[in-house]
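Dear colleague,

I am passing on the structure we spoke about, together with some notes on its strands. Please have it open while you read.

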Amino acid sequence: VLQLRLTTNGDVLATTSKGLYCIGGDGRVRERYWTGAKENLRIPYDDLHHVLEDGDGVFWLSTRGAGLVRFESGTGRSQQFNTRNGFPNNMVYAAYEDRQGQLWLPTDGGLVRFDKETRQSTVFTTADGIAHDEFNRLAHAQAADGRLFFGGLNGVTAFDPAHFERNSH
C-alpha cells in the first residue's frame with residue numbers, strides 16, 4: 001500500500017501495486033479496480049502510486065510506468081496520458097489539483113502541469129526554478145491553502161500554483 005485516501009462518501013481508497021481498493025467503514029473491501037476485473041471495475045494498469053478523486057468523482061491514477069490514467073468508476077471508461085501527450089517520461093508519482101482545475105504531477109523528468117479540459121501538458125524543470133527534475137515517489141503534499149510540496153533529489157519544491165510561472169530563458 002502506497003497511499004490511503006478518504007473519499008467524498010467516507011470510504012478509503014488504498015493505492016497499491018495490484019490496483020486500487022475501495023474499503024468501507026466496516027474495514028471490508030467493497031471494490032477492487034484492476035486489470036483483471038470486469039466492466040466498470042477494470043483499469044488499464046495495476047501498478048499505482050497515487051489516486052486523486054476530483055470534484056466530478058473522476059479518479060486520476062498516477063502509475064509506475066504507464067503515465068496518468070483518467071478513470072470514471074461509474075462507467076469504467078479510462079484514458080491514459082503519457083509521453084505521447086508531452087510527459088517527460090511515464091513515471092508519475094502523484095496528481096494534485098489546483099484551484100484553477102490544473103493537475104500537478106511529479107515525475108522522474110520534471111514537474112508536469114496537466115490541463116484536465118484541453119489535455120495539454122507543460123513540463124517544468126530546474127531551468128524553471130524547481131529544485132530537481134527527479135522527484136521521490138512518496139514525498140508530496142498539498143496544504144489547505146493550495147500550496148504544493150514535492151520532494152526531490154535536491155530538496156523540496158514548494159509553491160502556490162496560482163503564482164507559478166515559467167522562467168523566461
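**Strand pairing and burial**

A141 stands opposite F149, a residue of strand β14. Please keep in mind that the model is a predicted one. That pair belongs to the contact between β13 and β14 (residues 148-152), which are joined in the antiparallel sense over 4 bridges.

These two strands are part of an open sheet of 3 strands, ordered β13-β14-β15 and paired antiparallel. Because β13 (135-142) and β15 (155-159) stand at the edges and each has a single partner strand, one side of each is left without a neighbour in the sheet. From one strand to the next, the twist averages 20°.

Elsewhere in the chain, strand β10 (residues 102-106) is mostly covered, with 5 of its 5 residues buried. The burial applies to both faces, since Q102, W104 and P106 are buried on one side, and L103 and L105 are buried on the other. In general, the side chains of a regular strand alternate between the two faces of the sheet.

β10 also takes part in two hairpins, which I describe in turn. With β9 (residues 96-97) it runs antiparallel, joined by 2 bridges, and E97 stands opposite L103; 4 residues lie between β9 and β10, and G101 in that turn has a positive phi of about 85°. With β11 (residues 111-115), β10 pairs in the antiparallel sense over 5 bridges, and the bridge partner of L105 is V112. The hairpin of β10 and β11 likewise has 4 residues between its strands, and G110 in the turn has a positive phi of about 130°.

With best wishes

Notes. Residues are numbered from 1 along each chain as its sequence is written. This is a predicted model: local features need pLDDT of at least 70, side-chain atom pairs count only at pLDDT 80 or more; totals for chains, interfaces and linings use all residues. Side-chain values use heavy atoms; hydrogens and water are left out. Buried means under 20% relative accessible area, exposed over 50%, partly exposed in between (1.4 Å probe, protein chains only). Two strands pair if DSSP finds at least two bridges between them. Axes are lines fitted to C-alpha atoms, for helices over the stretch in contact, and angles run from 0 to 180 degrees between N-to-C directions.
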